[in-house]
Amino acid sequence: MTDGRSEPGALRRLFLSELAGTALLCLIGLSLVILMFGAGTPMARLIPDEGLRRLITGFLFGTTGASIALSPVGKVSGAHINPAVTLGFRLMGKLDLRTTIVYVGGQLVGAVAGSLPLLLWGAMGRSVAFGATLPGPGVSLSTAFLGEVITTFAMVVLLAVFLGFRHLRPFTPAIFPPLYAIMVWAESPLSGTSTNPARTFGPAIVSGEWQGWWIYWAGPLAGMLLAVLACSALAKRIEVAKLYYFDSDRDRLFRRVSRG
């Protein structure tokens, strides 16, 4: 399968789009983490309940991702901003190998680019490793790994369901705020709720914190693989490898080529 856009200029646009989207996700999303949980933050006094702060942080993080999907990034590349999502579309036959590599490369570079400005948070950012995802205190690597598998599985299954049914498709970005609110509230004490290898990679580079780094590749990819297998019957119903369907001429070309 191919996406019909493999010429160098189109691939460059896809790379830059995923770079920009992932950079924004890391810059905005991880700034929220630092603001909510960094040492000396006023949010600890305003919202003393840590669970409530986790819930709000997850909701806002998901809102950031949804907004990127509805932005020009979504029109150009589909706003995957997550290697697990891109590889899921690849396994469902919606992207060719060359385009998949371009997407993942853009996401990893974008994650680093978006995480570098987090250094401006100074001591507050350092106190939470600039939003790096790490196994929780006393949490085993196997438990953190399982948490990443389950949360990524839930995310990809919901994506497949919403993208697979035409009447649900326009609402796909809306799943992210409530989904991440629940997942961050319930699971982040175990693994930090990454579900996204790029989101983990960026702050790891900046902070130098690599504890259990393999979890945040193996867990999301395992969860994605299980979700693709569970939703294999829906794969043929997914017309465009985008989180929001804009019904543009480019998307219609994508759909025709994918069916060819």
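# A tour of cavities, a pocket and selected residues

Begin by selecting helix 3 (50-69) and helix 9 (176-191), each of which supplies at least two residues of the lining of the largest cavity. The model on the screen is a predicted one. Of the two selected elements, keep helix 3 highlighted for a moment, since helix 3 gives the most to that lining, with three residues.

Next, select L25, G65, I81, F176 and Y180, which among the 16 lining residues of the largest cavity lie nearest its centre. The space that they surround has a volume of about 180 Å³. Colouring the lining by residue class will show eight nonpolar, seven polar and one charged residues. How many cavities of 30 Å³ or more does a search of the whole structure find? The search finds five of them.

Move on to the second largest cavity, whose volume is about 80 Å³. To display its walls, select A84, V85, G88, F89, M92, V156, L159, A160, L163, M224 and I238, which line this second cavity. Helix 5 (83-91) and helix 8 (141-164) each supply at least two residues of that lining. When the same colouring by class is applied here, the lining of the second largest cavity shows 10 nonpolar residues, one polar residue and no charged residues.

From the enclosed spaces, turn to the largest pocket, which has a volume of about 620 Å³. Select V33, F37, A132, S188 and G192, which are the closest to the pocket centre of the 25 residues that line it. Then bring up helix 1 (8-37) together with helix 3 and helix 9, because each of these three supplies at least two residues of the lining of the largest pocket. Which helix provides the largest share of this lining? The largest share, five residues, comes from helix 3, the helix that also gives the most to the lining of the largest cavity. By class, the residues that line the pocket divide into 12 nonpolar, 10 polar and three charged.

The following stop is helix 10 (residues 197-207), where T200 has its place. Is T200 buried or exposed? With a relative accessible area of 8%, T200 falls under the 20% cut-off and therefore counts as buried. Show its surroundings as sticks: leaving aside residues up to four places away in sequence, T200 touches T133, S194 and Y216.

Now look at the aromatic rings, of which the structure holds three pairs. One of these is formed by F201 and W210, an edge-to-face pair with 6.2 Å centre to centre and 65° between the planes. Neither ring's residue is buried: F201 counts as partly exposed at 23% relative accessibility, and W210 is likewise partly exposed, with a relative accessible area of 38%.

The tour ends with two backbone conformations. Most residues other than glycine have a negative phi, and against that background A79 deserves a selection, as its phi is near 55°, a positive value in a residue other than glycine. A79 is found in the loop between helix 4 (72-76) and helix 5, and A79 is buried, with a relative accessible area of 0%. Finally, select F130, which has a positive phi of about 55° although it is not a glycine. The place of F130 is in the loop between helix 7 (122-126) and helix 8, and at 5% relative accessibility F130 counts as buried.

Technical notes: Residues are numbered from 1 along each chain as its sequence is written. This is a predicted model: local features need pLDDT of at least 70, side-chain atom pairs count only at pLDDT 80 or more; totals for chains, interfaces and linings use all residues. Side-chain values use heavy atoms; hydrogens and water are left out. On a 1 Å grid over the protein atoms alone, a cavity is a set of points where a 1.4 Å probe fits but cannot get out, and a pocket is an open set with protein on both sides within 12 Å along at least five of seven lines; lining residues have an atom within 4 Å of a point. Grid points are joined across faces, edges and corners, and a volume is the space filled by probe spheres set on the points. Helices (H or I, at least four residues) and strands (E, at least two) are DSSP runs, numbered from the N terminus. Ala, Val, Leu, Ile, Met, Phe, Trp, Tyr, Cys and Pro count as nonpolar, Asp, Glu, Lys and Arg as charged, and the others, Gly among them, as polar. Buried means under 20% relative accessible area, exposed over 50%, partly exposed in between (1.4 Å probe, protein chains only). Contact means heavy atoms within 4.5 Å. Rings of Phe, Tyr and Trp (its six-membered ring) pair if their centres lie within 6.5 Å; planes under 30 degrees apart count as stacked, over 60 as edge-to-face and the rest as tilted.
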